[in-house]
Amino acid sequence: MSRAPRPKSVSGLSGLSSLVYSTDSGRLCPGCGQAQAQCACAAQQAEAALAARRAAGVVKVQRSSKGRGGKTVSTVSGVPLDEAGLQALAKTLKAACGTGGTVKDGVIEIQGDHVAQLLTLLDGRGWTVKRAGG
Ligand SMILES: [Zn+2]
């Protein structure tokens, strides 16, 4: 046993250096560890969701009468717009079709069978527009 004793390793502590806790910045975001005042997670998630919809890039127009007491509606889904944009587009489409409609869960519903007209109206906006379903 002639070996000199090794110096005590401190490398075990270096891994902790990136964990910095702040006690005076209020609640920390569980997502990014930033103080919630500085956290951009929610905005990033909204942006990511919007980007995903843009990337999907296909607007689907579909006639549907499921679960509506036999009433036919034309749905427009996959539109790469935020809620305000969807509402504005729905208004335009309703006016053009001369009918009512709504926006539900990011899908525009136009009352009646206006699929052909909607395809025409949505074309030329730079989106890929497809007729889906029957
Ligand atoms: Zn965060």
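Biologist: Taking two residues to be in contact if their C-beta atoms, placed from the backbone, lie within 7 Å, which residues does Ile 108 touch, not counting residues up to four places away in sequence?

Modeller: Ile 108 touches Thr 75, Val 76, Val 79, Leu 86, Leu 89, Ala 90, Leu 93, Gly 101 and Val 103. This is a predicted model, in which local features need pLDDT of at least 70 and side-chain atom pairs count only at pLDDT 80 or more, while totals for chains, interfaces and linings use all residues. Residues are numbered from 1 along each chain as its sequence is written.

Biologist: What order do the elements run in from the N terminus?

Modeller: The protein chain has four helices and five strands, running α-α-β-β-α-β-β-α-β; these are DSSP runs numbered from the N terminus, with at least four residues (H or I) for a helix and at least two (E) for a strand.

Biologist: And in what order do the strands sit in the sheet?

Modeller: The five strands form an open sheet in the order E3-E4-E2-E1-E5, with mixed pairing, where two strands pair if DSSP finds at least two bridges between them. Its edges are E3 (101-104) and E5 (128-132), each of which pairs on one side only.

Biologist: How does E4 connect to its neighbours, E3 and E2?

Modeller: E4 (residues 107-111) runs antiparallel to E3, with four bridges joining them, and four bridges also join E4 to E2, again antiparallel. On the E3 side, Val 103 has Ile 108 as its bridge partner and Gly 101 has Ile 110, whereas on the E2 side Val 73 stands opposite Gln 111. Two residues lie between the strands in the hairpin of E3 and E4, where Asp 105 takes a positive phi near 50°.

Biologist: Which strands does H3 lie across, and which does H4?

Modeller: H3 lies across E3 and E4, at about 20° to E4, with angles running from 0 to 180 degrees between N-to-C directions of axes fitted to C-alpha atoms, for helices over the stretch in contact. H4 (residues 115-122) lies across E1 (58-64), E2 (73-77), E4 and E5, running at about 165° to E1.

Biologist: What about the length of H3, and what follows the helix?

Modeller: The 15 residues of H3 (83-97) should span 21 Å at 1.5 Å a residue, and because the end C-alpha atoms are 21 Å apart, the two values agree. Gly 98 comes next, with a positive phi near 65°.

Biologist: Switching to the interior, which residues have the most contacts inside the largest nonpolar core?

Modeller: They are Val 61, Val 76, Ile 108 and Leu 118, in a core of 13 residues. E1, E2, H3, E4 and H4 each supply at least two of its residues. Such a core joins buried Ala, Val, Leu, Ile, Met, Phe, Trp, Tyr and Cys residues through C-beta atoms within 7 Å, and buried means that 20 or more other C-beta atoms lie within 10 Å of a residue's own. Of the 134 residues in the chain, 13% count as buried.

Biologist: Where is confidence lowest, and where highest?

Modeller: On pLDDT, the predictor's confidence in each residue from 0 to 100, H1 (residues 11-14) is lowest at a mean of 48 and H3 highest at 96. Residues 9-18 fall below 50, and that stretch has zero contacts in the model beyond near neighbours in sequence.

Methods
Expected span 1.5 Å × (residues − 1). Buried ≥ 20, exposed ≤ 12 C-beta atoms within 10 Å, placed from the backbone.
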